[in-house]
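Here's a short tour for anyone just starting out with protein structures. Take a look at the sequence and the 3D view below, then read on.

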Amino acid sequence: MTDIILLGPPGAGKGTQARRLVEERGMVQLSTGDMLREARTSGTEMGRKVAEVMDKGHLVTDEIVIGLIRERIAAGGAGAGFIFDGFPRTLAQADALGALMDETGRAIDHVIEMAVDDEVLVERVSGRSTCATCGEVYHDRTRPIPGDGRCVNCGGTTFTRRGDDNADSLRVRLLAYYKQTSPLVGYYYAKGLLRRVDGLAAIADVAAAVAAILDGAADGPAAAETEAAGA
Ligand code: AMP
């Protein structure tokens, strides 16, 4: 059983890689973004508040997201391991996750940082759409929806665009990432868990780099990369 965190700014490809790992390895994706999008359609007071915060591109409170993750971990059903996607996003969330994992006798094996160039992100996120049936991700320019209007993966014909996937919201979300989430890179480096992949490589190449980490073929890459970056 391998539990991992995918870390990176919005649009880095965390969801795409998570879905591949679910399909190819039977891991279980825990995306707080997906859970919150579900909560906002619930019609509850909590859902309404969450919607407001998400639309502005700000972070939902630690209490809410930690509560959601606690429920999912406690429910079990981890398959071949959990993929934390979009969580933790603050140091408080990282500490809470550590405690939850301890309580349940689990441990994070790898924190995979998906490194990307900010300018590329804005373009990537702006043209993004998703198959409503299976979650396959498309992009207006780099991976358009097929001419027959059918998803290549499941044949679905309904595609959705996230309300927060626009350039203005992305800039706010990027700022939230740098202010609140990027300290986690140092946090997990210090814990010896950080691995880094090039999030701008082709999807299959990113998947191969992630697979090498999970299969133990890429030992201590964070340290190696740090040396290379400093050289
Ligand atoms: P995502 O799908 O991961 O890009 O998340 C979409 C939005 O949900 C974010 O911009 C936040 O408003 C909210 N969100 C998702 N995960 C978290 C989290 N771990 N902590 C706080 N807010 C979150």
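What follows covers the ligand and its surroundings, and then one helix.

Keep in mind that this is a predicted model.

**Around the ligand**

Let's start with the neighbours. There are 16 residues around the ligand, and Thr32, Arg37, His58, Arg89 and Gln93 come nearest. What sort of residues make up this shell? They split into six nonpolar, five polar and five charged. Helix 2, which spans residues 32-40, supplies the largest share of the shell, with four residues.

Now for some polar contacts. The table lists three places where a ligand atom pairs up with an atom of the protein.

| Ligand atom | Protein partner | Distance |
|---|---|---|
| oxygen | N or O atom in the side chain of arginine 37 | 2.9 Å |
| nitrogen | polar backbone atom of valine 60 | 3.1 Å |
| oxygen | N or O atom in the side chain of arginine 162 | 3.2 Å |

And how much of the ligand does the protein cover? On its own, the ligand has 480 Å² of accessible area, and the protein covers 96% of that.

**A look at helix 9**

Helix 9 runs through residues 203-214, so to speak a stretch of twelve residues. From its first C-alpha to its last, helix 9 reaches 16 Å, close to the 16 Å expected at 1.5 Å a residue.

Which residues of helix 9 are buried? They are Val206, Ala207, Val210, Ile213 and Leu214. These buried residues sit on the same side of helix 9, because they cover an arc of only 115° around the axis. Here's the general idea: an α-helix has 3.6 residues a turn, so residues three or four places apart point the same way.

Technical notes: Residues are numbered from 1 along each chain as its sequence is written. This is a predicted model: local features need pLDDT of at least 70, side-chain atom pairs count only at pLDDT 80 or more; totals for chains, interfaces and linings use all residues. Side-chain values use heavy atoms; hydrogens and water are left out. A residue is near a molecule or strand if one of its heavy atoms lies within 4 Å of it. A polar contact is a pair of N or O atoms within 3.5 Å; within protein, one must be able to donate a hydrogen and the other to accept it, and residues adjacent in sequence count only if both atoms are side-chain atoms. Accessible areas come from the Shrake-Rupley method with a 1.4 Å probe; for residues, only the protein chains shown count as cover. Helices (H or I, at least four residues) and strands (E, at least two) are DSSP runs, numbered from the N terminus. Ala, Val, Leu, Ile, Met, Phe, Trp, Tyr, Cys and Pro count as nonpolar, Asp, Glu, Lys and Arg as charged, and the others, Gly among them, as polar. The expected span of a helix is 1.5 Å times one less than its number of residues. Buried means under 20% relative accessible area, exposed over 50%, partly exposed in between (1.4 Å probe, protein chains only). The arc is that of the directions from the helix axis to the C-beta atoms.
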